[in-house]
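Visitor: I am new to this one and would love a friendly tour. Could you show me the structure and take my questions as we go?

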Amino acid sequence: MTYTADEQCQILFGPKASYCQKMQYVICSGLWCKVEGEKECKTKLDPPMDGTECDTGKWCKAGECVRKALLPAHTDGEWSSWSAWGACSRTCNTGVSVRQRSCDNPRPSTEGRDCPGVRVQYQVCQNTLCPAGVPSFRDLQCQSFNRPLYQKHSFQWYSVTDNEKPCTLFCSTLGNDQPILLADKVLDGTLCGPQESDICANGTCQKISCDGILGSSAREDNCGLCNGNGKSCKVIKGDFNHTRGAGYVEAVVIPAGARRIRVVEEKPAHSYLALRDASKHSINSDWKIEHPGSFNIAGTTVHYVRRGLWEKISAKGPTTSPLHLLVLLFNDQNYGIHYEYTIPVDPPPENRSAKTVEPLFMWTHSGWEDCHAVCGGGERKTKVTCTKIMNKTTSVVDNKKCRYLTKPEPQVRKCNDQPCQTRWMMTEWTPCSRTCGKGSQARQVSCTQQLRNGTLIRAKERDCVGHKPAAAQRCEGQDCMTVWEAGVWSECSVKCGKGARHRTVKCTNPRKKCDLSTRPREVEDCEDYSKCYVWRTGDWSKCSVTCGKGMQSRVIQCMHKITGRHGNECFSSEKPAAYRPCHLQPCNEKNNVNTITSPRLAALTFKCLRDQWPVYCKVIREKNLCQDMRWYQRCCETCRDFYAQKMQQRS
């Protein structure tokens with residue numbers, strides 16, 4: 001199976017990585033990759049897999065770009081034996097030690113399968129307790145930065161734990177609430193948090209398995225056995241419901257050897273849970289109420305939780321002495337508590353009549369030692385150990401058990417034949433010189449040569465292939481001050497009276513971390529009386545004529561919305577129409593009489609210039625024929641004066 005250069009980069013640096021094209025000329029000596037979002041190419045100083053294309057008609061083989069030829073039959077990779085555990089990462093308290101193995105026993109060919117499983121393992125190592133008063137391991141790492149590069153004003157660093165990145169070193173100074181990233185990884189053996197039992201290794205927070213190896217699949221069963229089946233113990237459960245009383249009342253005695261102890265109140269109550277062992281170590285005894293926390297009682301750590309009136313007690317165990325569970329009552333109702341724990345099952349009686357099986361001891365080859373050279377050609381040997389075989393199970397025992405047997409010679413293989421190379425080595429970038437805005441950061445770049453024993457020594461720069469990587473670059477700090485940006489206020493929600501207006505408020509900090517206490521208001525009260533006066537309209541009148549085309553009118557008044565008072569504050573541009581034309585059925589030809597119902601509207605309907613029949617108009621007026629629209633149109637001037645006199649007579 002052959003992976004392309006891009007696929008190999010994604011295996012090493014994640015799905016956003018691809019092969020760095022500008023390093024094509026050294027592809028077979030070292031695989032350089034570019035991660036999306038990063039400026040510089042990076043490498044882990046390992047050559048690509050044999051069979052990786054390096055040029056037209058060529059591929060990489062043993063670190064060189066050669067013409068393509070048939071590769072030998074594929075070989076699946078197998079692990080070498082584990083190296084010895086390294087030194088503990090700490091000198092006091094809990095630390096981490098490391099061991100490694102290589103996939104070269106044999107190394108997989110181009111079409112071969114890679115070794116399954118992990119290459120590196122981390123194991124918990126225990127030391128003596130650190131002296132009292134010594135800062136925490138995380139604080140000590142922050143204090144290591146108390147040097148002139150960071151001491152413009154003699155700042156003293158202290159650690160800040162980021163819940164999202166617990167294994168990254170964030171530090172702050174007194175009086176500054178904004179933490180600063182000082183290292184991408186904390187040192188191995190740093191706890192993931194102040195109240196955490198998990199531990200950091202290689203920059204990741206890992207759980208401590210029961211076999212002491214971080215991240216292993218080993219699990220402790222309910223009986224406390226690592227990888228047990230849970231059948232070596234039994235669960236004891238019970239409830240205590242003491243209705244009323246005063247003082248301490250014993251609920252149950254938990255025997256020695258108990259594990260997974262859990263005591264919970266069914267409901268919050270004014271009573272208190274209490275615990276006491278044979279050595280008088282206790283919680284909430286002798287009428288003294290403790291603060292929630294962890295206590296060492298009966299050889300185990302007991303965790304006491306109290307939230308308001310609700311309480312809980314738990315312990316992993318095993319206990320070394322009996323525990324007395326008590327309840328302190330104050331003449332109030334106790335709603336009951338539930339308790340449970342596990343105790344070992346009594347071992348079955350030995351079957352004395354059973355035939356004793358004698359174990360078989362023999363020398364076996366159990367794995368391979370590491371190659372004594374990392375490059376330039378070396379050898380590796382098999383480990384010859386004494387093995388005990390009994391009841392179809394094997395286990396490695398002391399070599400003294402096989403002292404009467406002939407010990408075979410170890411098998412020997414060649415390993416790591418690739419030549420030792422020189423490579424550019426870079427340290428991690430220093431933090432940005434400015435926490436907010438444009439700055440610079442630096443790193444150390446040197447040409448190194450790897451010796452056969454794995455040691456790296458400094459070499460001359462002309463011996464390294466390719467251009468020297470940059471030792472400095474520009475950067476931009478993201479820990480900027482809080483900046484809130486407020487938009488323009490909207491109009492008041494009410495145009496006549498009290499209402500509210502709104503605006504948008506957003507955080508413009510690059511990291512979206514703004515102080516909520518300084519956030520501007522998004523809503524505020526407002527008053528607007530600009531549109532209290534509105535136009536009110538009456539009903540339309542009858543049409544000014546009984547047939548044909550006429551006009552209608554209605555009353556228009558400016559009035560207050562609430563009080564109904566008349567006013568002059570209405571907008572004239574919004575005033576509705578007071579007149580409109582009306583169209584009735586056509587007038588009858590035989591009886592062409594179109595009676596005027598409103599002289600004023602009739603004047604609006606027909607634009608009068610002058611009388612058309614001046615000789616007859618006086619007669620039409622005297623005969624009272626002006627009400628007929630036909631005569632009104634021909635004698636409009638005379639009829640208009642006639643209606644004007646009648647209006648004056650009425651008034």
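Visitor: What is the distance between the sulfur atoms of Cys432 and Cys475 in their disulfide?
Guide: This is a predicted model, in which local features need pLDDT of at least 70 and side-chain atom pairs count only at pLDDT 80 or more, while totals for chains, interfaces and linings use all residues. Residues are numbered from 1 along each chain as its sequence is written, and side-chain values use heavy atoms, with hydrogens and water left out. A disulfide here is a pair of cysteine sulfur atoms within 2.5 Å. For Cys432 and Cys475, the distance is 2.1 Å.

Visitor: Which hand does the disulfide of Cys432 and Cys475 have?
Guide: Look at the torsion about the S-S bond, which is about 90°. The link of Cys432 and Cys475 is therefore right-handed.

Visitor: How many residues apart in sequence are the parts that Cys432 and Cys475 tie together?
Guide: Strands are DSSP runs (E, at least two residues), numbered from the N terminus. Cys432 lies in the loop between strand S28 (422-426) and strand S29 (436-442), whereas Cys475 belongs to strand S32 (residues 472-478). The pair therefore ties together parts whose separation in sequence is 43 residues.

Visitor: Is Cys475 buried or exposed?
Guide: Buried means under 20% relative accessible area, exposed over 50%, and partly exposed in between (1.4 Å probe, protein chains only). Its partner Cys432, at 21%, counts as partly exposed. Cys475 has a relative accessible area of 14%, so Cys475 is buried.

Visitor: How many disulfides does the count come to?
Guide: Among them is the one joining Cys192 to Cys205, with an S to S distance of 2.1 Å. Another joins Cys558 to Cys570, at 2.0 Å. By the sulfur distance rule, the count comes to 22 disulfides.

Visitor: Which of Cys192 and Cys205 is buried, and which is partly exposed?
Guide: Cys192 has a relative accessible area of 4%, so Cys192 is buried. The value for Cys205 is 36%, which means that the partly exposed one is Cys205.

Visitor: Which residues touch the most other members of the largest nonpolar core?
Guide: A nonpolar core is a set of buried Ala, Val, Leu, Ile, Met, Phe, Trp, Tyr and Cys residues joined through side-chain atoms within 4.5 Å. The largest has 26 residues, and strand S22 (323-330) and strand S23 (337-344) are among the strands that each supply at least two of them. The residues touching the most other members are Leu325 and Ile337.

Terms used
Helix = DSSP H or I, 4+ residues; strand = E, 2+ residues; numbered from the N terminus.
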